[in-house]
Every structure is written in C-alpha cells, then in structure tokens.
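Subject: Handover of a structure and notes on its contents

Dear colleague,

Please find below the sequence and structure that I am handing over to you. My notes on what was found follow directly after them.

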Amino acid sequence: MTDDYLSRIGKLIRDARQHRGWTQSQLAEALGTSQSAVNRIERGNQNISLEMIARIGEALDSEIVSLGYAGPMHLRVVGGRRLSGAIDVKTSKNACVALLCATLLNAGRTTLRRVARIEEVYRILEVLGSIGVRTRWINDGADLEIVPPAELDLEAMDTEAARRTRSVIMFLGPLLHRMDRFRIPYAGGCDLGTRTVQPHMTALRHFGLEVTATDGMYHSHVDRSVAPTRAIVLTERGDTVTENALLAAARHDGVTVIRNASSNYMVQDLCFFLEELGVKVEGVGTTTLTVHGVARIDRDVDYSPSEDPVEAMSLLAAAVITESELTIRRVPVEFLEIELAVLEEMGLDHERGGEYAADNGRTRLVDLTVRPSKLQAPIDKIHPMPFPGVNIDNVPFFAAIAAVAQGSTLIHDWVYDNRAIYLTELNRLGAHVKLLDPHRVLVEGPTRWRSAEMMCPPALRPAVVVLLAMMAAPGTSVLRNVYVINRGYEDLAERLNSIGAQIETFRDI
C-alpha cells in the first residue's frame with residue numbers, strides 16, 4: 001500500500017473508532033494488540049493487511065473498513081520446500097472451548113492463559129457475549145478474562161454464531177443448573193455427517209434435563225426433583241458427552257459416578273479446571289470418574305490449558321511428508337504415544353527429549369525432533385480408538401503419511417459418516433487413495449506429489465491434510481476458502497512459514 005492509502009485507511013479507522021466511542025486502548029484490546037500499534041495504524045505509519053482491516057471492521061462494526069473482507073480467505077502454496085528449525089505447539093482447541101463452556105458454572109472471574117485465537121473460540125465468545133458474559137483479551141491478547149452476569153439473557157443468544165460450532169452442545173450441562181427452561185440452537189461445525197446428540201440427552205437426563213428438538217432448537221426443561229441415584233453409564237465414550245456429564249455433575253450437590261467416560265486430553269484438562277473451581281474429581285485419566293459436586297461456585301480462578309496433541313500431529317505430519325528435519329516443542333506426549341509407536345513401526349526416525357510439565361502442572365510434555373525417513377506401510381490397518389488409542393482427529397494425517405510410505409495402507413475412519421471421503425481429495429495432488437466405502441480408504445505409496453488448485457474440504461483435519469500435501473508438491477497450489485482451517489488452527493500459514501514453508505494468504509476482491 002502507498003503512504004497516501006495508509007493515511008486514508010488510518011483516518012477511516014480513527015473516525016470509526018471515535019464514532020463507536022472507543023479509545024485506542026479499547027480497540028487494541030479487542031484486536032489483541034497494543035495501543036501504540038493502533039496509534040501507528042491511525043496515523044498511516046504502519047503497513048496493514050486485509051486480514052487486519054477485516055478484524056478492525058468486525059471490532060468496530062464498520063462497513064467502511066471491512067471492504068477488504070468481501071470474499072473468503074484462500075491460500076497460495078509454493079511447495080517442494082524443506083522445513084527446518086523448531087516450532088512450539090499451541091494450546092488445545094478442544095480444551096479451550098470446553099473450558100469456555102465451563103466458565104458458565106462459575107459466578108466469579110475466570111482467567112484462561114494462552115487461549116487459542118481460532119474461529120471456534122471466537123464463535124463461543126460471540127455466543128457468551130450475546131447472553132451477557134463479559135470477555136476480554138488481556139496481556140497483549142495472550143490471555144482471556146471471563147466474567148459471567150448474575151442472570152444470563154438466553155433470549156438474546158447469537159444463534160448464527162451458535163450454529164457454526166458443535167461446542168454449543170456443552171452449554172446444556174452448565175445451563176441446567178441456572179434455569180428451569182431454556183433453549184439453544186442445534187450444534188453445527190464441520191460437515192462430518194450425522195453425529196447423534198442422544199448420548200448427551202441420556203447422560204443429562206439423570207440430572208432432570210429433558211430436551212425436545214424442534215424448529216432448529218433444543219428446547220430444554222429441568223425437573224429439580226430428579227438427581228442421580230446410581231452411576232451414570234455413558235452409551236458412547238465420547239469426549240463432549242463426557243464433558244457435558246462432568247459439567248452437570250460439577251454443580252450437583254452430591255457425588256456422581258460416570259462410567260465409560262472418555263479419558264482424552266480435553267476431558268483431563270476440564271477435570272483439572274473443575275478442581276480449581278473446588279470440585280473434587282477422582283479417576284482422572286481413567287474411564288470411571290467420581291465427581292464431588294458443589295451447589296454454588298464463586299471463585300476467581302486462573303488456569304492454563306495444555307498443548308494440543310492434534311496440532312502436534314499436524315506438525316509431525318508436515319515434517320514427514322516434506323522430508324524435513326524439524327523440532328516440535330511442547331508436545332503432549334501422553335496423547336501421542338500410540339501414534340508414535342505406529343510411526344516407529346513404519347520406520348520414523350525421531351528423537352524425544354526429557355519430559356517436563358505443562359503450565360497446568362499436570363500434562364507431560366516433550367520436545368520431539370523428526371528426521372527424513374524411509375517409511376514402510378504398516379502391517380495393520382490404521383483406525384481410531386478412544387484414548388489411549390490412535391486419536392480420532394489424528395487418523396486423517398496418516399493418509400498423507402501413508403502416501404509417502406512404501407506399500408498399501410488401509411485406513412478405517414469408523415467414527416464419522418463421511419470424513420474418509422474427503423481424503424480422496426489427495427488424489428488431485430498425485431496421491432493414490434481408493435475409497436472402499438464411506439469409512440475406509442486404501443492408500444498406495446510412495447507418491448509423486450503435484451500442484452493443484454482446489455476447494456478446501458469442509459472438514460477441519462482433512463483440510464489441513466490437503467494443505468500439508470500442497471507443501472510437499474513442487475510448484476504452486478491454491479487452496480480456496482480455508483475458513484474451516486481457521487476454526488481449529490491459529491495463524492497456521494504464518495507459523496508454517498516461520499519454519500520454511502511458503503504460503504500466502506489472499507482474498508478475491
């Protein structure tokens with residue numbers, strides 16, 4: 001941009017800010033930046049991207065400065081480059097959204113450290129803000145402060161934001177303690193086929209919750225005379241189902257036993273957070289949780305969610321398929337050990353450093369160095385299992401890894417109705433992925449990658465798998481409409497660029 005355009009844009013931003021009645025510091029806080037940076041922007045003394053203009057426009061609710069946000073975001077990838085250096089794993093997307101829902105249990109102030117700044121988090125914050133919860137980014141946008149109101153205004157809920165995330169289903173557990181009748185929109189998110197909410201309803205029925213689903217809404221009624229009289233046995237060992245049961249049990253004034261519970265990473269983080277709220281949870285990391293709930297929670301708490309094992313797997317896969325040596329720091333190894341064991345059998349050359357504690361004091365981390373390896377297809381099929389098996393969200397990355405291995409790999413993604421179908425998109429980049437049925441693909445390797453222009457798959461992990469394959473493919477590839485990637489990864493393109501990738505963000509204007 002020329003200096004003249006920067007000055008004109010800066011004046012538009014200043015006028016819009018003043019019209020809203022905000023100070024530079026308030027705008028900086030909304031953007032997660034500093035007051036001095038806003039001052040430089042308004043004076044035309046700082047280069048500003050279309051992405052930043054769009055964020056300012058959203059913060060100020062100003063059409064004038066959001067003109068650059070007319071179209072979806074795309075990525076232009078120059079592939080065939082080796083990665084190098086080191087990169088840190090960010091905090092867990094799935095833990096952060098569960099913790100945001102859990103703040104509805106607390107009448108006090110909650111501070112969450114290093115929250116992932118991703119679209120999924122933004123949608124939950126929009127929903128919370130619309131019902132009266134005060135949230136603000138602090139410490140230069142690194143941390144998040146949440147203060148709930150005395151009374152929630154559910155009638156004012158931002159239903160559009162709620163429908164764009166599956167996580168809104170986890171409002172049921174906390175809300176059943178706050179009101180007798182309420183409604184929330186159907187949960188949305190990735191296009192992964194039908195995921196039944198019946199296991200949630202079965203679990204929460206023990207706390208008196210009855211739900212009728214009509215007109216795109218879950219209409220909820222709570223019978224206060226109903227309380228758990230025996231152990232709750234979950235009909236599905238799902239992560240969000242377990243979290244919902246935990247959220248309901250946390251403010252049940254008594255002891256609740258939850259069997260067939262998930263012991264996955266985000267569930268453990270939620271248990272650690274509940275303990276900060278004064279809720280005793282026994283059996284963390286096992287399939288039987290015993291929750292000693294408290295009727296009222298009013299505490300000022302400070303908590304640091306742990307790192308994301310799925311992001312760690314993404315970065316590991318990036319190194320493998322680009323044949324790079326890369327150090328991935330702050331890897332939550334407990335939740336990646338089975339994946340690493342499978343990769344060792346395939347021939348992965350890697351080295352692990354000593355273990356150390358995450359900021360929550362509980363999760364075990366290591367620094368992991370991956371080196372170029374000659375991989376062989378695994379003898380057994382790759383399939384997900386509840387923790388400690390191969391993580392459901394890590395299965396798609398094995399498709400890209402299998403594509404660079406010698407031989408045939410069978411991948412069975414039995415959890416989702418149609419996610420495996422999206423893995424065939426790798427064929428457009430030179431892979432040989434054969435769809436056997438909606439849940440199984442056969443991957444033949446090794447692959448001679450080639451560049452392509454294509455639309456982003458509508459499911460988060462397959463979308464990232466395609467991006468990683470583009471990084472391995474010589475030439476220039478284009479991945480269009482990458483909103484789904486931004487749902488689960490913070491500044492992924494920029495961070496990959498920091499270790500040697502060449503990815504440009506652009507929009508159609």
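Two strands are taken to pair if DSSP finds at least two bridges between them. On that basis, E14 and strand E17 (residues 364–371) pair in the antiparallel sense over 5 bridges. Please note that the model is a predicted one.

Strand E14 and its neighbours

Within the pairing of E14 with E17, Pro-332 has Leu-365 of E17 as its bridge partner. E14 also pairs with strand E2 (residues 86–88), here in the parallel sense and over 3 bridges. In that parallel pairing, Ile-87 stands opposite Ile-328 in E14. As to solvent, E14 is mostly covered, with 5 of its 7 residues buried.

The sheet E6-E8-E7

A further set of strands forms an open sheet of 3 strands in the order E6-E8-E7, with antiparallel pairing. Its edge strands are E6 (181–185) and E7 (209–214), each of which pairs on one side only. From one strand to the next, the twist averages 25 degrees. E6 is joined to strand E8 (residues 217–222) by 5 bridges, and the two run antiparallel. Here Pro-185 stands opposite Met-217 in E8.

Helix H2

Which residues of helix H2 (residues 24–31) are buried? They are Gln-24, Leu-27, Ala-28 and Leu-31. Viewed down the axis of H2, these buried residues fall within an arc of 100 degrees, so they line one face of the helix. The general background is that an α-helix has 3.6 residues a turn, so residues three or four places apart point the same way. Just after H2, Gly-32 adopts a positive phi of about 75 degrees.

Aromatic pairs and charges over rings

The structure holds 3 aromatic pairs. In one of them, the ring centres of Tyr-265 and Phe-335 lie 6.0 Å apart and the ring planes stand at 65 degrees, so the pair is edge-to-face. This pair links distant parts of the chain, 70 residues apart: Tyr-265 belongs to helix H11 (residues 265–276), and Phe-335 to the loop between strand E14 (326–332) and helix H13 (337–346). Tyr-265 is buried, at a relative accessible area of 1%, and Phe-335 also counts as buried, at 6% relative accessibility.

Another pair is formed by Phe-273 and Tyr-303, whose ring centres are 5.8 Å apart with planes at 65 degrees, so this pair is edge-to-face. Phe-273 lies in helix H11 and Tyr-303 in strand E13 (residues 301–303), so the pair ties together parts that are 30 residues apart in sequence. Phe-273 counts as buried at 0% relative accessibility, and Tyr-303 counts as buried at 4%. Ring pairs also link Tyr-265, Phe-335 and Phe-387 into a cluster.

Two arginines are placed over aromatic rings. The charged end of Arg-76 sits over the ring of Phe-506, 4.0 Å from its centre. Arg-117 lies over the face of Trp-137, at 4.0 Å from the ring centre.

Salt bridges

How many salt bridges does a search of the whole structure find? The search finds 32. One of them joins the side chains of Asp-302 and Arg-113 (2.4 Å, N to O). The two residues come from distant parts of the chain, 189 residues apart: Asp-302 is in strand E13, and Arg-113 is in the loop between strand E3 (110–112) and helix H6 (119–130). Asp-302 is partly exposed, with a relative accessible area of 39%, and Arg-113 counts as partly exposed at 23% relative accessibility.

Glu-275 forms a salt bridge with Arg-362, in which the closest N and O atoms are 3.1 Å apart. Glu-275 lies in helix H11 and Arg-362 in the loop between strand E16 (356–357) and E17, so the pair ties together parts that are 87 residues apart in sequence. Glu-275 counts as partly exposed at 26% relative accessibility, while Arg-362 is partly exposed with a relative accessible area of 42%.

The side chains of Arg-440 and Asp-437 likewise meet in a salt bridge (2.7 Å, N to O). Arg-440 counts as partly exposed at 29% relative accessibility, and Asp-437 counts as partly exposed at 25%. Finally, salt bridges that share partners join Glu-29, Arg-109, Arg-136 and Glu-145 into one network.

With kind regards

How values were computed: Residues are numbered from 1 along each chain as its sequence is written. This is a predicted model: local features need pLDDT of at least 70, side-chain atom pairs count only at pLDDT 80 or more; totals for chains, interfaces and linings use all residues. Side-chain values use heavy atoms; hydrogens and water are left out. Buried means under 20% relative accessible area, exposed over 50%, partly exposed in between (1.4 Å probe, protein chains only). Helices (H or I, at least four residues) and strands (E, at least two) are DSSP runs, numbered from the N terminus. The arc is that of the directions from the helix axis to the C-beta atoms. Rings of Phe, Tyr and Trp (its six-membered ring) pair if their centres lie within 6.5 Å; planes under 30 degrees apart count as stacked, over 60 as edge-to-face and the rest as tilted. A charge sits over a ring if NZ of Lys or CZ of Arg is within 6 Å of the ring centre and within 35 degrees of the ring normal. Axes are lines fitted to C-alpha atoms, for helices over the stretch in contact, and angles run from 0 to 180 degrees between N-to-C directions. A salt bridge is a side-chain nitrogen of Lys or Arg within 4 Å of a carboxyl oxygen of Asp or Glu.
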